[in-house]
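Colleague: I'd like to learn how to read helix packing and empty space in a model. Could you take me through one?

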Amino acid sequence: MKKKLNIFYWWFFWVLFLEYIYRIFIIKDFFNINTIIVTLFSLIFITIFSFLCGLFNEKINKLLTISVSSIITIFTLAQIVYYNFYNSIFSFYSLTTGTGQVLHFWTMIIEVIGRIWYIFSLILTIFILFLVFNKKIFSFEKNKKKINIFILSIFLISITLSIILTKTYNKKDLYSLDNLLFKTHAPMLTINKTGLLTMQSIDIYRYFFGFEEKISNNDNGTKEVVKEVEYNKLDIDFEELIKNTNDETIKSMHEYFNSVIPSEKNEYTGLFKGKNLIFITAEAFDTIAIDEKLTPTLYKMANNSFVFNNYYQPLYPVSTSDGEYMNVISLIPKEGVWSFYKTSNNYMPFGIGNMFKKVDYNTYGFHNHTYNFYHRDKSHTNIGLKYYGCGNGLEKKMNCNHWPNSDYEMIKATTSYYINEDKPFMAYYMTVSGHLNYNFSGNNMASKNKSKVQDLDYKNSIKAYYATQIELDKAMEELLNILEESGKLDDTLIVIAPDHYPYGLSTEDMNTISKIDRTDKFENYHTSLIMYNPQIEKTNVNKIISSLDILPTIYNLYGLDYDSRLFMGRDIFSDDEHIVILSDRSFITSKGTYNSVTGEFSSSSVSQEYIDNNNKIVNEKFKMSSLILEKDYYKELGL
């Protein structure tokens, strides 16, 4: 009788197979020293699984092997699908908090699986073969002493080498193994260097036991320069705050923000002081949605007033909610939590509603979908908005029974809240008409506007996307008409920013209508920001900017008292150097793009010092954003 293999060999094959599949198809960088490091870290899991699944009798060992194999296989497949949505991984927090929301995406999940069927086929075929033939190939008997000594030896060797490597390899590197494992939460970089299983284990540990980013030092190279100019900053005595705290982390934060150079006031400061603001975060809005014939109002707004030619809207793991967070909070979302929701219990003096309330504005927030989706009923009221959605009042004024609901109907239903008031108003909208899926069978907005796109020479997915954006265009046309009829158009700034690019369309689909190559990691986020007022002469702005820059720009335009040092973005109209930060800590500057995974900068003309300095800036912005959230830092300032 042929001798069966010990279950160790299954674990050795399967763990490495899944890790290598992820590296080949997701990280797309296999022939690299990081693959060797991932293999070393994987040996720790291989030996643990081998030991646990050899402790008991044959029946229990087999059940354990199949169960654990199934769990890590499902997790890997789920992470592969998630990455194809958001270019990141889902956290254990999202798994425990937002599982019900998966129902909104199930058809899109099927479409994604259809696009990457070859990955699923490869993994599932081998796994199914294992399920069918495991008893013929592997022995599930209790491990003998010799086998356990062998497994223990490999475990000790692999964990010893991992510790030595962690403490010595590229120790001075900003994203060294030591920093990624113990000081920094950067999931995609951690996966690249240690593997998916390691990152998932770290994420679960941090979920249960908490994690605070460590601050190495506060010399960020931005010491304040005294000049005869006015700055957008508040009278915060950081020196006194440093003296009066015993919390070393808070002290380091005070030191950091005290060292940041604030933005200078400029010719645009106070341009809209005392005037109205309508800020719209538009679901899946993108440059490809702007068409002179199909969306003429959006076309007019995007090509007049301020025209931003190099605006980027990076995608972060909690998609729409993180998009809103960057737009109206100007902090980088913390991975592993729902950042906007987490602000609900924090002191938020710089929240957009709170800021305008200070200067006697009426402030409103509206969303034409379920009012407490992403817990907006808590987060949006905490930033100072009188908030209405479907379920807490808006359903009485519009039809909330569609999916998705109409942006046009929302505008018609809500302008009455503020249009006739004597005081200036600030209204924030989160739209939903542009939501995936992009088809004519399950998307009400696509079906509603089908007649306007049916003759286009495009695939149905593109036609359906255009149809959803036509609804947004109709909403903007209605908004402009209402403002004009009330005599308030000239005194209102309308800001429209996407929450994220339309990831419900495949890259191939987008490339058929996009003027830029959407396969490019960075250009995929190159999109449109609209700031429209008919009294503003067309002004082209060519700076490299992102969603983080919107809020400080608005506050400067309205002459509000704020502290630019405490935001991660910068006023677009200031002389500051801007940086676009992607979720994996890659970045874009005026000099080019830096890929954090490959460590490559697009231009050879920049120095290594320039790259290192910007890496440091990005790292500090991630850390400070996280700590502001976790430490309720604004409260510490006594504002």
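Modeller: Start with terms. Helices (H or I, at least four residues) and strands (E, at least two) are DSSP runs, numbered from the N terminus. Axes are lines fitted to C-alpha atoms, for helices over the stretch in contact, and angles run from 0 to 180 degrees between N-to-C directions. This is a predicted model, where local features need pLDDT of at least 70, side-chain atom pairs count only at pLDDT 80 or more, and totals for chains, interfaces and linings use all residues. Residues are numbered from 1 along each chain as its sequence is written, and side-chain values use heavy atoms, without hydrogens and water.

Colleague: At what angle do α1 and α9 pack?

Modeller: Helix α1 (residues 7–27) meets helix α9 (residues 187–194) at about 130°, and their axes are 10 Å apart. That makes α1 oblique to α9. Under 35 degrees is roughly parallel, over 145 roughly antiparallel, 65 to 115 roughly perpendicular, and the rest oblique.

Colleague: Which residues make the contact?

Modeller: Contact means heavy atoms within 4.5 Å. From α1 come Tyr22, Arg23, Ile26 and Ile27; from α9 come Met188, Ile191 and Asn192. By class, five are nonpolar, one is polar and one is charged. Ala, Val, Leu, Ile, Met, Phe, Trp, Tyr, Cys and Pro count as nonpolar, Asp, Glu, Lys and Arg as charged, and the others, Gly among them, as polar.

Colleague: Now the empty space. What is a pocket, and what is a cavity?

Modeller: Both are sets of points on a 1 Å grid over the protein atoms alone. In a cavity a 1.4 Å probe fits but cannot get out; a pocket is an open set with protein on both sides within 12 Å along at least five of seven lines. Lining residues have an atom within 4 Å of a point. Points are joined across faces, edges and corners, and a volume is the space filled by probe spheres set on them.

The largest pocket has a volume of about 1,000 Å³. It has 35 lining residues, with Lys28, Tyr83, Asn84, Asn87 and Thr507 closest to its centre. Helices α1, α3 (58–86), α5 (106–115), α6 (117–137) and α21 (507–511) each give at least two lining residues. The lining holds 18 nonpolar, nine polar and eight charged residues.

Colleague: How many cavities are there?

Modeller: Six of 30 Å³ or more. The second largest holds about 80 Å³. Of its 14 lining residues, Ile89, Phe90, Ser91, Glu335 and Gly336 are closest to the centre. That lining has eight nonpolar, four polar and two charged residues.
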